[in-house]
Amino acid sequence: MRKKLIAGNWKMNLTRETSASLAGEVRRFALERKADREVLLAPPFPYLEAVRAAIEGSLVLLGAQDVSPHAPGAYTGEVSAEMLLDLGCARAIVGHSERRESGETDAIVRGKAKRAADLGLGIILCVGEREEERLRGEEKRVVERQLREALSGFSGRDAEEKLVVAYEPVWAIGTGRTATARDAEEMHRFARGVLAELFGEGAAHSIRILYGGSVKPSNAAELLAKDEIDGALVGGASLDAASFAEIISS
Ligand code: PGA
């Protein structure tokens, strides 16, 4: 049984103070829930420590929004997997479409994913087609390419232990438009098939595939009810404690 994971991607929002107080609220309602869901918060890098302190000793996991593909050294502005582990991060998001938009290639995503996994840091690998690709009927080809390219250095064991995939159709991110639960489910099934070709049926069955793109309280229950949808990567709605709480309990 794959445990559902609800991850909040705060993007470039909040302050040190509001990060800590939102994390405290998430901690409180995560505690009230039975341990049938994993909850992860991915604040901006400068607030990782404040969020870490606010969730310490709880089951809420700490995540980062990105990770460098490089070993520590002369890389101005980058944050290494070692640093994230040092801060208590369980996972880093890699290949988010907002980073791909600013020039992050499949090869860079592969470097980030591989280095994180080698160091023992989990990842949430984001894949998803743009609107024009879906209109051309290329969405599966795009998702397959992104998965194969990003994971080409992964062993089955890396994949089973370190990998979570997030299917995020680019046209659904921050737009209020969501894939229908049925379309999302179809893509998740397809993606799991690609994972099975790469790593075998057993591993593919154990890897969680989250859905992301305008997940909100009004659509979360329907999406999360699907067997193939193992959780959600939530942007906008994770910035509001009440909305995020509702999604967690959906
Ligand atoms: P959204 O963002 O929920 O605001 O659409 C999701 C994401 O980018 O991970």
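The following exchange between a colleague and a modeller concerns a predicted model and the ligand it holds.

Colleague: Which residues come nearest to the ligand?

Modeller: The ligand has 13 residues around it. By class, this shell has four nonpolar, seven polar and two charged residues. Those that come nearest are Lys-11, His-96, Glu-168, Gly-174 and Ser-214.

Colleague: How much of the accessible area of the ligand does the protein cover?

Modeller: A polar side-chain atom of His-96 lies 2.7 Å from an oxygen atom of the ligand. Backbone N or O atoms also approach ligand oxygen: one of Ser-214 at 2.7 Å, and one of Gly-235 at 2.9 Å. On its own the ligand has 280 Å² of accessible area, and the protein covers 95%.

Colleague: What is the phi of Lys-11, and where is this residue found?

Modeller: Most residues other than glycine have a negative phi. Lys-11 is not a glycine, yet its phi is positive, at about 50°. The residue is found in the loop between β1 and α1 (16-32).

Colleague: Is Ser-214 buried or exposed?

Modeller: Ser-214 is found in the loop between β7 and α11, and its phi is positive, at about 55°, although it is not a glycine. Its relative accessible area is 15%. The cut-off for burial is under 20%, so Ser-214 is buried.

Colleague: Which residues of strand β8 lie on each side, and are they buried or exposed?

Modeller: In a regular strand the side chains alternate between the two faces of the sheet. Strand β8 comprises residues 231-234, with Gly-231 and Leu-233 on one side and Ala-232 and Val-234 on the other. Both faces are covered, and these residues are all buried.

Colleague: In what sense do β1 and β7 pair with β8?

Modeller: Strand β1 (residues 4-9) pairs with β8 over four bridges, and Ala-7 stands opposite Leu-233. Strand β7 (residues 208-212) pairs with β8 over two bridges, with Tyr-211 and Ala-232 as bridge partners. For β1 with β8 the sense is parallel, and for β7 with β8 it is also parallel.

Colleague: What is the handedness of the crossover from β7 to β8?

Modeller: In β8, Ala-232 is the bridge partner of Tyr-211. From β7 the chain passes through helix α11 (residues 217-224) before it reaches β8. This β-α-β crossover is right-handed.

Colleague: Is Arg-208 buried or exposed, and what is the length of its polar contact with Glu-38?

Modeller: Arg-208 has its place in strand β7. Its relative accessible area is 11%, and the cut-off for burial is under 20%, so Arg-208 is buried. The side chains of Arg-208 and Glu-38 are joined by a polar contact of 3.4 Å.

Colleague: How many residues of strand β2 are buried?

Modeller: Strand β2 covers residues 37-42. From it Arg-37, Val-39 and Leu-41 point one way, while Glu-38, Leu-40 and Ala-42 point the other way, and all are buried. The count of buried residues is thus six of its six.

Colleague: What is the handedness of the unit made by β2, helix α2 and β3?

Modeller: Strands β1 and β2 run parallel and are joined by six bridges, with Ile-6 and Val-39 as bridge partners. Strand β2 also pairs in the parallel sense with strand β3 (residues 61-64), over two bridges, and Leu-41 stands opposite Leu-62. Together β2, helix α2 (residues 48-55) and β3 make a β-α-β unit that is right-handed.

Colleague: Is Ser-243 buried or exposed, and which side chain is joined to it by a polar contact of 2.8 Å?

Modeller: Ser-243 lies in helix α12. Its relative accessibility is 18%, and the cut-off for burial is under 20%, so Ser-243 counts as buried. The polar contact of 2.8 Å joins the side chain of Ser-243 to that of Asp-240.

Colleague: What separation do the C-alpha atoms of Leu-239 and Val-79 have?

Modeller: Leu-239 has its place in the loop between β8 and α12 (241-248). With a relative accessible area of 29%, Leu-239 is partly exposed. Leu-239 and Val-79 are 160 residues apart along the chain, and their C-alpha atoms are separated by 23 Å.

Key:
Residues are numbered from 1 along each chain as its sequence is written. This is a predicted model: local features need pLDDT of at least 70, side-chain atom pairs count only at pLDDT 80 or more; totals for chains, interfaces and linings use all residues. Side-chain values use heavy atoms; hydrogens and water are left out. A residue is near a molecule or strand if one of its heavy atoms lies within 4 Å of it. A polar contact is a pair of N or O atoms within 3.5 Å; within protein, one must be able to donate a hydrogen and the other to accept it, and residues adjacent in sequence count only if both atoms are side-chain atoms. Accessible areas come from the Shrake-Rupley method with a 1.4 Å probe; for residues, only the protein chains shown count as cover. Ala, Val, Leu, Ile, Met, Phe, Trp, Tyr, Cys and Pro count as nonpolar, Asp, Glu, Lys and Arg as charged, and the others, Gly among them, as polar. Buried means under 20% relative accessible area, exposed over 50%, partly exposed in between (1.4 Å probe, protein chains only). Two strands pair if DSSP finds at least two bridges between them. A crossover is right-handed if, with the strands pointing away from the viewer, the path from the first strand over the helix to the second runs clockwise.
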